[in-house]
Amino acid sequence: MKLLVKAPAKINLALDVIGKRSDGYHEVKMIMTTIDLADRIELVEIPEDTIKIVSHSRYVPDDNRNLAFQAANLLKKRFNINRGVAITIMKTIPVAAGLAGGSSDAAATLRGLNKLWNLQLSIDELAEIGAEIGSDVSFCVYGGTALATGRGEKIKHIESPPHCWIILAKPSIGVSTADVYKNLSLEHVNHPDVDGMINAIKEHDYSEICKLVGNVLEDVTLKMHPEVAHIKEQMKKFGADAVLMSGSGPTVFGLVQHESRMQRIYNGLRGFCDQVYAVRLIGERNTLD
Ligand SMILES: C[C@@](CO)(OP(=O)(O)O)[C@H](O)COP(=O)(O)OP(=O)(O)OC[C@H]1O[C@@H](n2ccc(N)nc2=O)[C@H](O)[C@@H]1O
Ligand SMILES: Nc1ncnc2c1ncn2[C@@H]1O[C@H](COP(=O)(O)OP(=O)(O)O)[C@@H](O)[C@H]1O
């Protein structure tokens, strides 16, 4: 049997860090939303009792460092599955970009194997298992739009923001999430108004959403990689309604309502940035069928 599962990327419309925890992680408060830029995961049963990762991207590990491998391995061990699977990852989401590509591949693998191996787990159970793989995996199991707290694994669904275009531009550097959190100094941050953002989304108030975007990790990554600031400036100059770095970066996203302006920004950025995408928000959450 063979299954194809979609693994969409996320952006953080607001990302606040409340404090440092005793387990080494940070307590976060963030608004995450899935966007229509996705990897595709193909799951195929194989005769040998192993997990095989196939990927054509040189940046994606094909061994137990791969988050999709870790997802399959966790299910296999926990539910004593003596069956093998080949996981082919067709990568579209840039790697180490702040878009949760690896986490989404793991989440899609959990959803897919739940079906392939007939585990009959609920989406909440899958999200709980996902948290053991990485902080962003629980959100990626559900998709949609949510407030994420704890180390990112506590998910409260909220409405989706009003429809708009998202322009993404990724400079040709990768950023380590661990390094960015390590270099964050909590005494010197401007906390974004996450509650205000939740309210603005509830009110479908696009211009208020644009005013309230904010990410405390942005300054840390900007200091490490000045090219991110340059992309931000260009995106603003070309006319995006709001511009912010996603997650730990380095991808910068811009919000735009009008298609003609989206086209202008897209074309302008393509002049000096290799990886530029124009996508929509995905409103719906994932289902298990
Ligand atoms: C910053 C965010 C925002 O959505 O995303 P990305 O930029 O990675 O996409 C997340 O908080 C990243 O989540 P994720 O990438 O799953 O992180 P994990 O694998 O759990 O952790 C990687 C490392 O980041 C640090 N970390 C992560 C989450 C957190 N709340 N506090 C932390 O301090 C820890 O040092 C950890 O070892
Ligand atoms: N399926 C996967 N896709 C991409 N990267 C992966 C995957 N599995 C593990 N990784 C590793 O995870 C790291 C973070 O990748 P990714 O999830 O794309 O970025 P981010 O955490 O910034 O959203 C990469 O450096 C990569 O080596």
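1. In which hand does helix 1 pass helix 2? The model, which is a predicted one, shows a right-handed crossing of these two helices. The axes of helix 1 (residues 67-78) and helix 2 (residues 101-116) come within 7 Å and make an angle of roughly 35° where they cross.

2. On the side of helix 1, the contact is made by Leu 67, Ala 68, Gln 70, Ala 71, Ala 72 and Leu 75, while helix 2 contributes Gly 102, Ser 103, Asp 105, Ala 106, Thr 109, Leu 110 and Leu 113. Sorted by class, the residues of this contact comprise eight nonpolar, four polar and one charged.

3. Ligand 1 has 18 residues around it, of which Gly 134, Ser 135, Asp 136, Gly 247 and Ser 248 come nearest. Strand 1 (2-20), strand 2 (26-46) and helix 5 (177-182) are the elements that supply two or more residues to this shell, and helix 5 gives the most, with three residues. The shell as a whole holds six nonpolar, ten polar and two charged residues.

4. As to where ligand 1 sits with respect to the domains, its shell takes residues from both domain 1 (2-157) and domain 2 (165-280), so the ligand lies between them.

5. Strand 5 (residues 145-149) and strand 6 (residues 154-157) run antiparallel and are joined by four bridges, with Ala 146 of the hairpin placed opposite His 157 in strand 6. Four residues lie between the two strands of this hairpin, in which Gly 150 adopts a positive phi near 70°.

6. A further point concerns an open sheet of four strands, whose order is 9-10-7-11 and whose pairing is antiparallel. Strand 9 (242-245) and strand 11 (275-280) each have a single partner strand and stand at the edges, so one side of each is left without a neighbour in the sheet. From one strand to the next, the twist averages 20°.

7. Within that sheet, strand 9 is joined to strand 10 (residues 252-256) by four bridges, the two running antiparallel, and Leu 244 stands opposite Phe 253 in strand 10. Helix 9 (residues 226-237) packs on the sheet, where it touches strand 7 (165-170), strand 9 and strand 10, and its direction makes about 10° with that of strand 10. Helix 10 (residues 259-270), for its part, lies across strand 7, strand 10 and strand 11, and runs at about 5° to strand 7.

How values were computed. Residues numbered from 1 in each chain as written. Chains lettered and ligands numbered in written order. Predicted model: local features only at pLDDT ≥ 70, side-chain atom pairs only at ≥ 80, totals over all residues. Axes fitted to C-alpha atoms, helices over the stretch in contact; angles between N-to-C directions. Left-handed = near helix turned anticlockwise from the far one by under 90°. Contact = placed C-beta atoms within 7 Å. Nonpolar A, V, L, I, M, F, W, Y, C, P; charged D, E, K, R; others polar. Near = placed C-beta within 6 Å. Domains from an automatic or database assignment. Pairing = 2+ DSSP bridges.
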